[in-house]
Amino acid sequence: MFVYILYSRSLKKHYVGQTQDLTNRLDRHNNGREKFTKRGTPWELIWSQYCLNRSEAIILERKIKKRGASRFLNDNKLGA
């Protein structure tokens, strides 16, 4: 499993999610096949981390969402 952060320059917003197939998931976001991210294309993958299982991914995703993607990235000196 991967936890990932996308960024939309047009919306100036981040999106946090999780997936088993990062390439396919990014393609789905950028081709308007995901309701929430449909408007912000193109989405850029700016951060991802591999997790051993879905439970670990859910915990990390919640942590990022609670902190806010921008703050999480700044705290970890990852930019955007």
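**Threonine 41 and the sheet beside it**

I would like to begin with threonine 41, which is found in the loop between α1, residues 22–30, and β3, residues 43–50. Please keep in mind throughout that what we are looking at is a predicted model. Is this threonine buried or exposed? Threonine 41 falls in between, being partly exposed, because its relative accessible area is 31%, and the buried class would require a value under 20% while the exposed class would require one over 50%.

As for its surroundings, if we set aside residues up to four places away in sequence, threonine 41 touches Ser10, His29 and Asn30. Threonine 41 and tyrosine 7, for their part, are 34 residues apart in sequence, and from C-alpha to C-alpha they are 9.2 Å apart in space.

Let me turn now to the sheet, which is an open one formed by three strands in the order β2-β1-β3, with antiparallel pairing. The edge positions are taken by β2, residues 13–19, and by β3, and each of these has a single partner strand, so one side of each is left without a neighbour in the sheet. From one strand to the next, the twist averages 20 degrees.

Looking at one pairing in more detail, strand β1, residues 2–8, runs antiparallel to β2 and is joined to β2 by seven bridges; valine 3 stands opposite glutamine 18 in β2.

Finally, which helix lies across these strands? That is α2, residues 54–67, which lies across β1, β2 and β3 and runs at about 170 degrees to β2.

Technical notes
Residues are numbered from 1 along each chain as its sequence is written. This is a predicted model: local features need pLDDT of at least 70, side-chain atom pairs count only at pLDDT 80 or more; totals for chains, interfaces and linings use all residues. Side-chain values use heavy atoms; hydrogens and water are left out. Helices (H or I, at least four residues) and strands (E, at least two) are DSSP runs, numbered from the N terminus. Buried means under 20% relative accessible area, exposed over 50%, partly exposed in between (1.4 Å probe, protein chains only). Contact means heavy atoms within 4.5 Å. Two strands pair if DSSP finds at least two bridges between them. Axes are lines fitted to C-alpha atoms, for helices over the stretch in contact, and angles run from 0 to 180 degrees between N-to-C directions.
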